[in-house]
Amino acid sequence: MKRRRILATVAMLAAGTGLVACSSDEGGSDASNCTNTITKQNVPVVTMWGWYPNTQLVVDNFNKQHDDVQVCWTNVGQGGDEYDKFQTAISAGTGAPDVIMVEADRIPTFQIQGALVDIKQYGFDAVKANYGEGAWKDVSVGDAVYGVPVDGGPMGMIYRKDIFDKYKVTPPKTWAEYEQAAQKVKDAGGPLFGDFGANVPAVLMALQIQKGATPFTFDPAQPKAIGVKLNDQASKDVLDYWGGLAKKGLVGTQNQFTPEYITGVINGNYATYISAAWAPGYLTGAGVGKGQDTGKFAVAPLPQWDSANPVQVNWGGSAFSVTKQAKKPELAAKVAYGLYADKESLTDGWTNQIIFPLNLTALKDPAFVDLKVAFFNGQQANKEVYLPAAEAYKGVAYAPFGQYYLDAMEKQVSEIIKGSVTGSQAADRLQEDVAKYAKEQGFTVQ
Amino acid sequence: MGWLFVGPFGIVFLAFLIAPLAYALYLSLFQKKLIGGTSFVLFDNYVKAFTDPSFLSGVWFVIRFSLVSIPVQILIALALALILDAVTTAFARFSRLMIFLPYAIPTVIGAVMWGFLYSRGFGPLTDIFGLFGATAPDFLSSDLIFYGLLNVVTWQWAGYYMIILYAALQGVDPTLYEAARMDGAGRWQIATRIKIPLIAPALILILVFSLIGTLQFFNEPQILRYLAAGTIGSDFTPNMYAYQQAFSLANFNYGSAISFALGGVVFICVYAFLFFTRKRRSFL
């Protein structure tokens with residue numbers, strides 16, 4: 001008995017040391033466990049986290065074209081999963097990669113913690129002309145540049161052509177028409193018209209901005225002050241509108257990107273999907289639009305509140321940032337500037353609708369502009385919908401506590417779906433909640 | 001010489017239990033702001049936790065859940081253990097294994113599996129209820145999620161508790177049954193008057209286990225929240241809330257405070273329970 005216990009203790013100790021040994025090379029800061037294979041030896045290596053579905057190809061392209069630096073890539077999860085790991089690495093002071101893929105709306109969150117490097121000094125002028133002004137604005141805080149734009153998320157209304165034809169509705173141009181069309185389809189016994197999901201608060205934020213809301217105003221010259229305006233009339237109207245649609249049973253309330261939702265999309269339970277230009281690539285990856293469903297989807301411009309003054313908005317879109325934990329920031333910046341910026345990678349990205357590129361070489365490429373998108377049955381989606389939307393997009397100031405704001409929004413949307421609050425009440429609660437958090441974090445709330 | 005034997009355990013105990021606990025306690029006494037940095041705030045985080053509606057509603061949920069789920073699990077486990085103890089066929093042995101089996105399935109896989117079974121889009125419930133022309137209940141909706149989780153937890157744990165009780169029953173001296181039968185006791189009376197009182201210590205043991213486990217409820221709701229449309233928030237249970245604070249919002253200080261506050265709640269509940277059952281217990 002005694003002997004066994006000692007053995008067990010020894011085993012535990014051994015396991016313990018094993019754990020310690022593991023933790024020292026956890027995350028991407030160590031270049032020994034890359035997902036890709038680095039063929040060139042004795043060349044400095046830069047570590048990178050990202051989740052584009054074609055990252056493998058992008059990294060291989062970069063490594064092939066460079067002899068002075070090689071990229072070691074790890075996929076640590078998509079969106080929130082990656083941010084949680086990055087956030088933990090920031091708090092720990094170690095474990096972060098040199099270069100990281102982040103969505104533009106998260107940049108202020110990490111920048112305010114001093115986790116990102118201003119890459120303006122590392123060859124910004126050489127690539128400045130490759131991107132539009134709006135693209136740079138989304139990755140900048142004040143004059144400092146904290147990321148290299150890769151893709152944007154101009155929004156449109158993806159819809160099922162077969163359902164629209166069957167119930168004789170045409171793509172709605174305004175949100176009022178959207179509701180009428182939804183009612184018409186419902187009265188005729190058709191499927192749900194769309195989806196009001198709690199787990200995509202960023203979409204609702206974009207739709208509120210479309211109505212004229214400015215959730216946050218932030219002046220980098222006065223980093224201690226922030227304007228929080230989440231319960232103005234525009235914000236309330238949008239939440240009331242969607243809450244109303246859900247209450248009338250015109251749209252579903254399913255969380256998006258879940259197996260349940262994707263099954264619904266495949267089964268044709270939703271006539272429309274309000275989403276961004278990168279959506280077809282992700283839907284295709286999840287098995288939508290294949291087999292029987294091939295070519296049933298089409299896309300139309302996002303419905304408007306005031307068709308005389310259309311406003312275009314954005315959802316998602318990412319950039320490559322250099323982290324403060326990078327040992328050679330200049331080399332890391334070179335990677336950030338060069339990744340996904342070569343023609344081959346970009347072309348692969350946009351032909352598969354994984355990205356809506358922001359690189360002007362791709363945007364101006366006639367092949368991109370005129371592309372007949374297979375997912376939309378040959379519709380020239382870029383020319384008709386996404387390019388005009390991207391060109392009209394004006395950029396947004398994001399919150400330096402984006403994660404908290406989006407979590408709080410998700411919570412309130414859940415309450416609307418449960419029917420315990422109205423959209424307006426939810427907006428008021430959200431304002432109270434986020435303003436309180438901002439004050440707790442030491443901001444002066446205006 | 002004695003220290004040498006205690007040493008290896010002592011090192012592991014200090015390094016992997018006491019040190020992390022002490023560090024978490026230390027963290028919970030500070031506050032880190034985006035503007036203004038870190039400052040020592042003593043018990044402010046705890047004051048905030050016990051006035052935070054998210055934390056309080058989470059605690060209230062796990063307490064309510066404990067009050068329902070623990071009696072259900074234990075009654076099922078007890079009934080099964082008594083039946084399996086009384087019946088000694090090969091089928092009983094097979095049943096014992098099958099009832100225990102869910103415990104051997106990792107909680108994550110169990111939760112995912114139930115999430116799919118509950119699904120209205122591709123789960124079997126829709127079809128089964130459809131046969132009778134009824135609509136299937138949505139166990140992932142906010143009205144029924146309580147019962148959905150109750151079912152998952154009972155499925156997973158009742159078998160494990162059954163095994164503990166069954167093992168305790170095996171330790172009862174069979175001559176007692178004989179004596180009882182001589183005195184004219186039936187099967188039912190043997191079960192209620194002899195068996196249950198004699199395995200009371202084991203019953204209390206599993207009650208304490210389940211109480212601690214349920215108050216720290218995390219895995220099942222954390223997994224089902226990806227399948228349940230906004231029904232389960234990030235502050236559904238105190239542990240989930242602590243996780244969100246620490247790893248999603250980088251608020252390790254408040255996350256630690258919530259964990260310790262929850263630890264306090266668990267301690268109070270377990271202590272109260274042991275106090276009221278102090279005559280019966282023999283193991284603690």
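Good morning. The expected span of a helix is 1.5 Å times one less than its number of residues. I begin with that rule because it applies directly to a helix of chain B in this predicted model. Helix H5 of chain B, residues 107–118, has twelve residues and should therefore span 16 Å. The C-alpha atoms at its ends are 16 Å apart, which agrees with the expectation.

Which residues of H5(B) are buried? They are B:Gly110, B:Ala111, B:Trp114, B:Gly115 and B:Tyr118. These residues cover an arc of only 135° around the axis, so they lie on the same side of H5(B). On the other side of the helix, B:Val108 and B:Ile109 are exposed. As for what covers the buried residues of H5(B), the list includes four helices of chain B: H4 (90–104), H6 (124–131), H7 (145–170) and H11 (219–224).

I turn next to a hairpin in chain B. Strand E1, residues 30–33, and strand E2, residues 37–40, pair in the antiparallel sense over four bridges. Within this pairing, B:Phe30 stands opposite B:Phe40 in E2(B). Three residues separate the strands of the hairpin, and B:Gly36 takes a positive phi near 110° there.

Now to the contact between the chains. Here, 24 residues of chain B are in contact with 35 residues of chain A. On the chain B side, the elements giving two or more residues are helix H1 (2–27) and helix H12 (238–248). H1(B) provides the largest share of that side, with five residues. What is the make-up, by class, of the side of chain B that touches chain A? It has 15 nonpolar, eight polar and one charged residues.

Finally, I move to chain A and its helix H11, residues 259–266. The buried residues of this helix are A:Glu260, A:Tyr261, A:Gly264 and A:Val265. They cover an arc of only 135° around the axis, which puts them on the same side of H11(A). Against what do these buried residues pack? Their partners in chain A are strand E9 (194–195), strand E12 (251–252), strand E13 (272–276) and helix H12 (279–285). Just after H11(A), A:Gly268 takes a positive phi of about 75°.

To close, I return to the two helices. In H5(B), the buried residues share one side, while B:Val108 and B:Ile109 are exposed on the other. In H11(A), the buried residues likewise lie on the same side of the helix. Thank you for your attention.

Methods. Residues numbered from 1 in each chain as written. Chains lettered and ligands numbered in written order. Predicted model: local features only at pLDDT ≥ 70, side-chain atom pairs only at ≥ 80, totals over all residues. Buried ≥ 20, exposed ≤ 12 C-beta atoms within 10 Å, placed from the backbone. Arc of directions from axis to C-beta. Contact = placed C-beta atoms within 7 Å. Nonpolar A, V, L, I, M, F, W, Y, C, P; charged D, E, K, R; others polar. Pairing = 2+ DSSP bridges.
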